Amino acid sequence: MRLTALTLFAVTALGAMPALADEVWDTNMGEIAWEESRGDDAILRLGDGDGLLRLFVPGLARDTMGGRGSYTGVWVAAESDTACVTEMVDPLGGKSAFWGTFTITFVNDGFPSDFAGVYGTCLDTPSMPVQAHARVGN
């Protein structure tokens, strides 16, 4: 009986913590959701189908319990206005000629937090703004 009570407590305590899949932001481009983690890296998702865009954020998954700051990464889209000369591989969706780089900075170092940044296409210097407001759940 004691083991069952401890197990129940552990499950209840873990259930109270926010799940990464519940980390969602409303942005000037639409809703961005945490799709999955791969080691220390986070994969964020914007849209679906032909409008799908993924952001690969090195180091963000390592900082889920605090310490968030600035991150530089790569975005890959199913479609976009500008095709790059080379293709980028989206490990969840295949190759695409629609990609670019970005830099984002979190307002607070903990969960949840708004972020702001800039993005660009291909190897162009990121200059287009993105603002994201954190929310929890769908």
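Is Cys 122 buried or exposed, and at what relative accessibility? In this predicted model, Cys 122 has a relative accessibility of 14% and therefore counts as buried, since the limit for burial is under 20%. Its disulfide partner, Cys 84, also counts as buried, because its relative accessibility is 9%.

Confidence in the model was examined next. The pLDDT of the protein averages 84, and 83% of the residues score at least 70. Over residues 1-20, however, the pLDDT is below 50, and this stretch has five contacts in the model beyond near neighbours in sequence.

The two cysteines form a disulfide, with their sulfur atoms 2.1 Å apart. The structure holds one disulfide. The angle about the S-S bond is -100°, and the link of Cys 84 and Cys 122 is left-handed. Distant parts of the chain are linked by this pair, as Cys 84 and Cys 122 are 38 residues apart. Cys 84 lies in the loop between β5 and β6 (88-90), whereas Cys 122 lies in the loop between β9 (115-121) and β10 (128-136).

The nonpolar interior was then considered. The largest nonpolar core has 20 residues. Within this core, the residues with the most contacts are Trp 25, Leu 44, Leu 55, Val 57 and Leu 60. At least two residues of the core come from each of the strands β2 (30-38), β3 (41-46), β4 (53-57), β5 (70-77) and β8 (98-106). Strand β8 gives the most, with four residues. The surroundings of Val 57 can be described in detail: when its neighbours within four places in sequence are left aside, Val 57 is in contact with Asp 40, Asp 41, Ala 42, Leu 44, Tyr 71 and Phe 102. Another core, of six residues, lies apart from the largest one; among its members are Ile 43, Phe 56, Val 76 and Cys 84. Cys 84 thus appears both in this other core and in the disulfide with Cys 122.

The start of the strand order was also examined. Strand β1 comprises residues 23-27 and is mostly covered, with four of its five residues buried. β1 and β2 run antiparallel and are joined by four bridges. Across this pairing, Asp 26 stands opposite Glu 31 in β2. Two residues lie between β1 and β2, and the two strands form a hairpin. Strand β2 of this hairpin also supplies at least two residues to the largest nonpolar core.

How values were computed: Residues are numbered from 1 along each chain as its sequence is written. This is a predicted model: local features need pLDDT of at least 70, side-chain atom pairs count only at pLDDT 80 or more; totals for chains, interfaces and linings use all residues. Side-chain values use heavy atoms; hydrogens and water are left out. pLDDT is the predictor's confidence in each residue, from 0 to 100. Contact means heavy atoms within 4.5 Å. A nonpolar core is a set of buried Ala, Val, Leu, Ile, Met, Phe, Trp, Tyr and Cys residues joined through side-chain atoms within 4.5 Å. Buried means under 20% relative accessible area, exposed over 50%, partly exposed in between (1.4 Å probe, protein chains only). Two strands pair if DSSP finds at least two bridges between them. A disulfide is a pair of cysteine sulfur atoms within 2.5 Å.
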